[in-house]
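Trainee: Got a minute to go through this one with me? I'd like to start with the strands.
Mentor: Sure, pull it up.

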Amino acid sequence: MQYDWLDWMKKPLNDMLQDCQQQAEFFPQEEQQEILGRFRALTRSIKYAIQPATYYQAWEELIALQRYCRERRELLTLSIQDTEDSEVEPSAIEKDSTAISVAPYRPVPIGQHKLPPLRYSYDALEPYIDRETMRIHHAELHQKYVNDLNKAEKQLQNAREKRNYDLVKHWERELAFNGAGHYLHTIFFDIMSPGAGGEPKGDLRDQIIRDFGSYRAFKEHFSQAAEKVEGGGWALLIWSPRAQRLEILQAEKHQNLSQQDQIPILALDVWEHAYYLKYPNKRKAYIENWFKVVDWNRVNDRYDTARRVLWQPY
Ligand code: FE
């Protein structure tokens with residue numbers, strides 16, 4: 001079987017190739033050739049795959065290769081900056097320029113999540129979202145989710161070391177509540193910008209029309225879902241890699257009713273703290289105005305990235 005090669009794969013593959021080529025310009029000549037040769041071989045594997053396993057394996061390797069190119073270029077750039085000041089012993093990763101199949105991997109160490117900085121100032125979303133709400137929301141509430149997530153991770157690490165799980169239920173709840181809080185706020189603050197709004201363009205617009213019929217239908221459904229979240233929570237637009245469709249979900253209290261097999265790409269915070277100073281008990285008006293600061297380019301970037309996650313559909 002051949003996997004509908006010609007249509008949707010061309011763009012992501014071309015984007016990936018361009019990205020790899022750009023990063024590889026900074027690599028030694030020999031390594032550059034090797035990377036691009038590997039890229040072409042994987043592309044052929046995808047194009048001519050007979051077995052699903054071969055096809056998915058090739059995509060995964062291609063994604064790892066792209067990640068490797070970015071991180072390798074970053075390392076090379078850093079090492080040039082370092083050696084301008086002093087002679088630095090190259091790290092193990094720099095020495096091992098053949099480690100293509102094992103992409104550099106930089107997980108957040110246990111208990112070391114950090115508050116992501118905002119891309120704009122606290123008053124940048126005025127008049128739609130006021131400065132004081134943004135300051136409290138980001139500097140205090142999001143920071144608290146980060147602190148409490150770190151605490152829960154360390155407590156669970158401690159429980160594993162001591163093999164004492166008396167409080168595991170409590171710390172698992174803290175882990176879910178604060179983890180969801182940290183990750184969703186990270187998306188929420190990232191997908192807004194001053195002077196944004198309007199309608200989505202490009203691939204995301206096409207997909208919204210495929211899955212909801214029109215942008216108007218999507219916006220109405222999303223707004224209704226947000227308005228009718230019971231108590232605190234979120235409205236989410238997600239890409240479902242299993243169903244290969246966009247979907248709209250409510251996440252009440254954000255650790256409940258959440259599909260765990262999904263990638264949120266748009267997140268609207270409808271906890272009261274996100275709007276009560278300016279819109280006391282007027283959630284609907286807040287939702288309407290929130291759309292005026294949604295940065296669809298950022299959402300589109302998240303969609304493009306999420307779209308590259310490929311799992312066996314069933
Ligand atoms: Fe919030």
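Trainee: How many bridges join strand 1 to strand 2, and do they run parallel or antiparallel?
Mentor: Strand 1 (residues 233–240) and strand 2 (residues 245–252) are joined by 8 bridges and run antiparallel. Strands count as paired if DSSP finds at least two bridges between them. Leu237 stands opposite Ile248 in strand 2.

Trainee: What kind of model is it, and how are residues numbered?
Mentor: It is a predicted model: local features need pLDDT of at least 70, side-chain atom pairs count only at pLDDT 80 or more, and totals for chains, interfaces and linings use all residues. Residues are numbered from 1 along each chain as its sequence is written.

Trainee: Back to strands 1 and 2. What sits between them?
Mentor: They form a hairpin with 4 residues between them. Gln244, in that turn, has a positive phi of about 55 degrees, although Gln244 is not a glycine.

Trainee: Why remark on that sign?
Mentor: Because most residues other than glycine have a negative phi.

Trainee: Is Gln244 exposed or partly exposed?
Mentor: Partly exposed, because Gln244 has 13 C-beta neighbours inside 10 Å. The cut-offs, with C-beta atoms placed from the backbone: buried is 20 or more other C-beta atoms within 10 Å, exposed is 12 or fewer, partly exposed is in between.

Trainee: Which residue in the loop between strand 3 and helix 9 has a positive phi?
Mentor: Asn281, at about 45 degrees, and Asn281 is not a glycine. Its loop runs between strand 3 (263–269) and helix 9 (283–290). Asn281 is exposed, with 9 other C-beta atoms within 10 Å.

Trainee: Overall count? How many helices and strands?
Mentor: The protein has 10 helices and 3 strands. These are DSSP runs numbered from the N terminus: helices are H or I, at least four residues, and strands are E, at least two. Of the 314 residues, 23% count as buried.

Trainee: Switching to helices. At what angle do helix 7 and helix 8 cross?
Mentor: The axes of helix 7 (residues 202–212) and helix 8 (residues 215–227) cross at roughly 75 degrees and come within 8 Å. Helix 7 and helix 8 are therefore roughly perpendicular. That label covers 65 to 115 degrees; under 35 is roughly parallel, over 145 roughly antiparallel, the rest oblique.

Trainee: Last topic. Where is the cis peptide bond?
Mentor: It joins Glu126 and Pro127, with omega about 0 degrees. Pro127 lies in the loop between helix 4 (92–95) and helix 5 (131–162).

Conventions
Axes fitted to C-alpha atoms, helices over the stretch in contact; angles between N-to-C directions.
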